[in-house]
Amino acid sequence: MATEKAKKQYQTLVKQHTPPRPIVRNVVAAFVVGGLISVLGQLIFGGLTRLGFASKDAYGYTGAVLIGLSALATGFGVYDSLAKFAGMGANLPITGFANSIVSPAIEFKREGYVMGVGAKMFTIAGPVIVYGLASAAVMALLRWLLGGVGR
Amino acid sequence: MNLPVILWAFLIGGALCAVAQLVMDVFKLNAGHVMVGFVVLGAVLSGLGLYQGLVSFAGAGATVPLTGFGHTLVQGMLEDMATRGWIGVFTGGLKAASAGLTAAILFGYIAAIIFTPHG
Amino acid sequence: MSVQEKAPRRQGRYTVVFPTAPRVLGAASVVGPMEGRGPLGQLYDRVTADDILGQKSWEQAETVYMVDACRLALEKAELAPDGVDVLVAGDLLNQMVTSNVAAAQLGIPLFGIYSACASFAQALFQAAVLVEGGFARHVLVATASHHKTAERQYRYPNEFAHQRPPTATWTVTGAGAVVIGGGDGDGPRITAGIVGRVVDLGVKDPYDMGSAMAPAASDTITRMLTDTGTAPEDYDVIITGDLGELGTKLLHELTAQSGLPVSSRHQDAGMLIYRPEQDVHAGASGAAGAAVVFASWLLPQLADGHMQRAMVAATGALHSPTLIQQGGSIPAVCHAVIVEGGRGVGA
């Protein structure tokens, strides 16, 4: 059984030898790709408002269009190359959220449509929805209690 | 006239992703954790009334990253609470997010039917 | 120490020696297309065109890799499956499905083993014990792994788009098989073996297996050198399984601290399999890694006299996603055997 001291010593050694992550390169790539996906969203939004959708609805529909595009990109296997290059630049936009739902859906098809596709679809996106709703509820209730919402 | 918004969309959308990348690399988190963190961040900023301003000048730059999803949930709840009271916490969130969530589930299911996994 | 009867085939505290030196009768490697494009591409017995092999799933394809490697190794040893007494096989998947299904197809009695990527050395060790003890005439050893089955079981779905850190390794797609037997004749022989101690120094990052495994490798290699009274320079090569770049650095550091630096003789199988431009980050990993390098690169050099003596020290990160989620760390193990070349060794 290794002592705590031995563990500490070894972890210091590991830290000394671990190659630094290429943070600057990663952050720049994330910025550019994340920015470009947002620009694509803005263009879609512009198109939808020109078609006569109210701008409040158009943001929701823009998300849906981006999700559709991401499903295609995931299906053709190009979205993972984008994420390999851009990291969170591909994961953080709604397209990345879509990829996290579409990818297990495709991947677990071989385990069947119910317990595979159906059950595994939210392995990654599930926590996002859970914490999104929970934190939103807390914030909305706080606003209500503090009288920030018209009654 | 449209150009400034597009520029802001690029800058704000890019900046949010850059911060997320920084957090992931510095704290050695995996993508799932950072995605959860940013949804919560969006909800908090929205609840504090700070996010709507970002949406109005950066457009999709604020709505496309996952912080925008948190913002949508909070705003949906607040909207329903304005007309129905506290029950709006239960009815407003997913209503506002329904287009995105339904699209993700349906497109995910269709993709599973059409595509074969290739890794 | 208490008064005990001496175990006649032990040397030193931990090492086991095989006086009759069980012989390698044949070996084969079958790998996927990506491994085929690596530096050892020409040396493998078979490189497949894709990694699904006409099967319904990658898991089933992994079984095909193992069965094919077994059949090729048997062919080279001029044996039929029913001429083999025991199959000792391992893989990375839950319930060892690959080994189980392969054994069902081959119809050879199975010892299924699991020590992750150290399985290959453990299997060679157990095969040598069975042959040395007269419990089996011929033993077939096989290990397999598949990048896509390992990713989806241990990490994320393959289709999920994400960035892997620089210390991440790439699981080898393929299988290696070796036939071990007794008797006279040429062929590299297994002269000693050692069972690894499980070492856990608190590494928790599933994308940094090399750091988790280096202390186990250092522990096993050092003990074996001490027990046998040999120095690293007495070996043409000390080959580890899949430490990768970082793990290799750490092994060199740890063995230097213990006074038996291996850096001049050490090679890591994981770093022989892919080219830097294949962008697999820290190197290869997986139960098949040590096996395919052994079959394609090491054995021929031992057989033709280029090398006299090698230590095969396969390392395994005994990584459990459940344990990691519960805040646990990654225990690791390293089993090793000494393989000596050509004529005049053993019986």
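**Pockets, cavities and a domain contact in a predicted model**

The lining of the second largest pocket is made up of 13 nonpolar, 15 polar and five charged residues. These values, like those that follow, come from a predicted model. The space in this pocket amounts to about 840 Å³. Its lining comprises 33 residues, and those closest to the pocket centre are Lys56(A), Tyr59(A), Gly60(A), Thr72(B) and Ala96(B). Both chain A and chain B therefore appear in that central group, given that a lining residue is one with an atom within 4 Å of a pocket point.

Several helices come together here. From chain A, helix H3 (55-75) and helix H6 (94-107) each give two or more residues to the lining of the second largest pocket. Chain B adds helix H3 (51-58), helix H5 (67-84) and helix H6 (88-114), which each give two or more residues as well. The largest share of this lining is that of H3(A), with nine residues.

Attention now turns to enclosed space. Searching the whole structure yields three cavities of 30 Å³ or more. The largest cavity holds about 150 Å³ of space, and 16 residues line it. Nearest the centre of this cavity are Leu92(C), Cys117(C), Arg155(C), Met209(C) and Ala317(C). In terms of residue class, nine of the lining residues are nonpolar, five are polar and two are charged. Helix H5 (147-154) and helix H6 (209-228) of chain C are each the source of at least two lining residues.

The largest cavity also invites a look at how chain C is organised. This chain is divided into domain 1 (11-181) and domain 2 (189-340), and each of the two domains provides at least three residues to the cavity lining. A separation of 17 Å is found between the C-alpha centres of domain 1 and domain 2 of chain C. In the contact between them, 63 residues of domain 1 of chain C take part, along with 54 residues of domain 2 of chain C.

The area buried between domain 1 and domain 2 of chain C is about 4,900 Å², with 65% of it on carbon and sulfur atoms. On the domain 1 side, Tyr14(C), Cys117(C) and Thr169(C) account for 13% of the area buried against domain 2 of chain C, more than any other three residues. Cys117(C) thus has a part in two settings: this residue is among those nearest the centre of the largest cavity, and it is one of the three leading contributors to the area that domain 1 buries. Between domain 1 and domain 2 of chain C, zero salt bridges are counted.

Technical notes:
Residues numbered from 1 in each chain as written. Chains lettered and ligands numbered in written order. Predicted model: local features only at pLDDT ≥ 70, side-chain atom pairs only at ≥ 80, totals over all residues. Heavy atoms only, no water. 1 Å grid on protein atoms, 1.4 Å probe; cavity = no way out; pocket = protein on both sides within 12 Å on 5 of 7 lines; lining within 4 Å. Points joined across faces, edges and corners; volume = space filled by probe spheres on them. Helix = DSSP H or I, 4+ residues; strand = E, 2+ residues; numbered from the N terminus. Nonpolar A, V, L, I, M, F, W, Y, C, P; charged D, E, K, R; others polar. Domains from an automatic or database assignment. Contact = heavy atoms within 4.5 Å. Buried area = accessible area lost by both parts, 1.4 Å probe. Salt bridge = Lys/Arg side-chain N within 4 Å of Asp/Glu carboxyl O.
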